[in-house]
Amino acid sequence: MAAEPHSDGASEPQRTSRRFPSLTRDTARPEGGGRAASGDYPAPARQWPLLAVMGGVALGLLLVALDAFRVGALVIGLALLGGAVLRWALPSVGMLAVRSRFTDMATYGVLGFVIVVLAMMVQPKPWIHIPLLDDIVHFTVR
């Protein structure tokens, strides 16, 4: 199979193997993985979406360390849900973009939701009660 010539007369190099090349010359950034602000701003301002999520998680961990477990866990879960919203709403989120937009949104969203629900179910005096989960815990602990 011969290579198709380009409009300028040059032809693409023909691949001799279907294997991946042993030397990778570059990698593709995930969609939305560019800077969140232009290069004129200092480095922290260019990565504000990631810093916002990390700041929320750090605040939640601080609250957990100060013996406010339920509120700290809620803050952590809400920070992750906020990361999912930022990933959905902004065209460029800097280093908050790890994989594709859908994968990032699903990961941040599911983890945030699970953490929020578990924080609301923690004993003593749970804020919500889900009987199905009680049955699962009793079945696995027996």
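Select arginine 101: its side chain reaches the backbone oxygen of leucine 90 at 3.0 Å. A second backbone oxygen, that of arginine 87, lies 2.6 Å from the side chain of arginine 101. Both are polar contacts (N or O atoms within 3.5 Å, one able to donate a hydrogen and the other to accept it; residues adjacent in sequence count only if both atoms are side-chain atoms). This is a predicted model, in which local features need pLDDT of at least 70 and side-chain atom pairs count only at pLDDT 80 or more, while totals for chains, interfaces and linings use all residues. Residues are numbered from 1 along each chain, and side-chain values use heavy atoms, without hydrogens and water.

Next, select helix H4, residues 101-121, where arginine 101 lies. Helices here are DSSP runs of H or I, at least four residues, numbered from the N terminus; strands are runs of E, at least two.

Now colour 48-66, 73-90 and 105-122, which an unreviewed UniProt entry marks as "transmembrane region"; such annotations may be inferred rather than shown by experiment. Residues 73-90 are 94% helix and 0% strand, with end C-alpha atoms 26 Å apart. For 105-122, the end C-alpha atoms lie 26 Å apart and the span is 94% helix.

Finally, show Leu118, Met121, His129, Leu133 and His138, which are among the residues lining the largest pocket. H4 and helix H5 (131-141) each supply at least two lining residues, and H5 gives the largest share, four. Seven lining residues are nonpolar, three polar and one charged.

How values were computed. On a 1 Å grid over the protein atoms alone, a cavity is a set of points where a 1.4 Å probe fits but cannot get out, and a pocket is an open set with protein on both sides within 12 Å along at least five of seven lines; lining residues have an atom within 4 Å of a point. Ala, Val, Leu, Ile, Met, Phe, Trp, Tyr, Cys and Pro count as nonpolar, Asp, Glu, Lys and Arg as charged, and the others, Gly among them, as polar.
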